[in-house]
Amino acid sequence: MEQLKAVILAAGKGTRMKSDLPKVVHTIDGKCLVDYVIEAARGAGAEEICLVVGYKHEEVEQKICHKDVSFVLQPEQLGTGHAVRCAQEFLGDTGYTMILFGDTPLITSATLKRLLDYHMQQNNAVTVLSALIDDPTGYGRIIRDENGAFVKSVEHKDATEEERSSHEINSGMYIFNTAELKEALGKITPNNAQGEYYLPDTLTVIRQKGLKVDAFSLESPEDISGVNDQEQLKEAAEIIRKRMK
């Protein structure tokens, strides 16, 4: 298999945690949230891992258990597309790149392996990890045509009423063919409600080239659940402890 690298987005403050700590260094059983993500990426075959850091980045670099990763600084928060752009030198020009979030400790190497296998079997240029949820309010939506083929991913704020009726959400986790990711990152613009560079916009760029863009939908959204506040941190800790029994 061609080389697999992972970029983990870990620059946010996480104001809803009501804490001065960067969100990704909150712990479950003595391990930072982002350490769980690093382990999942390694278990799925990522040979090199880069953390995109920002808020109190020295603290993130110091507190994580896994020191065999590289870091790039996102000096200001201009969106997920901008965050990945900050890691462009790390990406290289060949192989595959996995994009993950540092605040999703429930993601597993088994799920990421399934995503990678699907990506390769379908000969996709990019595959987004998605899931069906009961209440998709606030999440980016996966839009499919009447035959179930992927059309686009749209942020909640930018979605039409009809698009918001989709219950399939974009987890923000992807496998890209690295060369296509790099090219698409150069073409996205901050032309949206937030004035940010959205990573999902790369999917439209890649699809317009005539390449295959797809979504791999999980049966259960548990693995892609993020931690945004203390209550979700407790819930994630309970799930992790159950899994270890």
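Colleague: Let's start with helix α7. Which residues of helix α7 (residues 178-185) are buried?

Modeller: Happy to help, and please keep in mind that this is a predicted model. A residue counts as buried when its relative accessible area is under 20%. In helix α7 that picks out Thr 178, Glu 180, Leu 181, Ala 184 and Leu 185.

Colleague: Within what arc do the buried residues of α7 fall, seen down its axis?

Modeller: A general point helps here. An α-helix has 3.6 residues a turn, so residues three or four places apart point the same way. In α7 the buried residues line one face of the helix, because the arc they fall within, seen down the axis, is 160°.

Colleague: And what covers the buried residues of α7?

Modeller: Both helices and strands take part. Among the strands are β6 (96-101) and β10 (168-177). The helices include α3 (80-86), α4 (88-91) and α8 (201-208).

Colleague: Is Leu 181 buried or exposed?

Modeller: Leu 181 sits in helix α7. Leaving out neighbours within four places in sequence, its contacts are Val 84, Leu 91, Thr 97, Ile 99, Phe 176 and Leu 199. Its relative accessibility is 0%, so Leu 181 counts as buried.

Colleague: How is α7 oriented relative to α8?

Modeller: The axes of these two helices come within 9 Å of each other. They cross at roughly 110°. That angle makes α7 and α8 roughly perpendicular.

Colleague: How many residues of the contact of α7 with α8 are nonpolar?

Modeller: On the α7 side, the contact is made by Glu 180, Ala 184 and Leu 185. On the α8 side, it is made by Thr 202, Val 205 and Ile 206. One residue of the contact is charged and one is polar, while the nonpolar ones number four.

Colleague: Let's move to another pair. Are α1 and α5 oblique or perpendicular to each other?

Modeller: Helix α1 (residues 33-43) packs with helix α5 (residues 109-121), and their axes are 8 Å apart. The angle between them is about 45°, and α1 passes α5 in a right-handed crossing. The two helices are therefore oblique.

Colleague: Which residues in α5 do Ala 40, Ala 41 and Gly 43 in α1 meet?

Modeller: The residues of this contact divide into three nonpolar, two polar and one charged. From α1 come Ala 40, Ala 41 and Gly 43. In α5 they meet Ser 109, Leu 112 and Lys 113.

Colleague: How many residues of α1 are buried?

Modeller: Helix α1 is mostly covered. Its buried residues are Leu 33, Val 34, Asp 35, Tyr 36, Val 37, Ile 38, Ala 40 and Ala 41. Out of eleven residues in the helix, the buried ones number eight.

Colleague: What separates the C-alpha atoms of Leu 112 and Ala 44?

Modeller: Leu 112 is found in helix α5, and its relative accessible area of 0% means that it is buried. Apart from neighbours within four places in sequence, Leu 112 is in contact with Ala 40, Ala 41, Ala 44, Met 98, Leu 100 and Ile 107. Leu 112 and Ala 44 are 68 residues apart along the chain, and their C-alpha atoms are separated by 5.8 Å.

Colleague: What about a strand: is Val 128 buried or exposed?

Modeller: Val 128 lies in strand β7 (residues 126-132). Beyond residues up to four places away in sequence, Val 128 touches several residues, including Leu 115, Ile 142, Phe 150 and Met 173. With 1% relative accessibility, Val 128 counts as buried.

Colleague: Now for the backbone. What is the phi of Lys 18?

Modeller: Most residues other than glycine have a negative phi. Lys 18 is in the loop between β1 (4-10) and β2 (27-28), and it counts as exposed because its relative accessibility is 74%. Lys 18 is not a glycine, yet its phi is positive, near 55°.

Colleague: Which residue in the loop between β2 and β3 (31-32) has a positive phi of about 50° although it is not a glycine?

Modeller: The residue in question is partly exposed, with a relative accessible area of 47%. Its place is in the loop between β2 and β3. The residue with this positive phi is Asp 29.

Technical notes:
Residues are numbered from 1 along each chain as its sequence is written. This is a predicted model: local features need pLDDT of at least 70, side-chain atom pairs count only at pLDDT 80 or more; totals for chains, interfaces and linings use all residues. Side-chain values use heavy atoms; hydrogens and water are left out. Buried means under 20% relative accessible area, exposed over 50%, partly exposed in between (1.4 Å probe, protein chains only). Helices (H or I, at least four residues) and strands (E, at least two) are DSSP runs, numbered from the N terminus. The arc is that of the directions from the helix axis to the C-beta atoms. Contact means heavy atoms within 4.5 Å. Axes are lines fitted to C-alpha atoms, for helices over the stretch in contact, and angles run from 0 to 180 degrees between N-to-C directions. Angles under 35 degrees count as roughly parallel, over 145 as roughly antiparallel, 65 to 115 as roughly perpendicular and the rest as oblique. A crossing is left-handed if the near helix is turned anticlockwise from the far one by less than a right angle, and right-handed if clockwise. Ala, Val, Leu, Ile, Met, Phe, Trp, Tyr, Cys and Pro count as nonpolar, Asp, Glu, Lys and Arg as charged, and the others, Gly among them, as polar.
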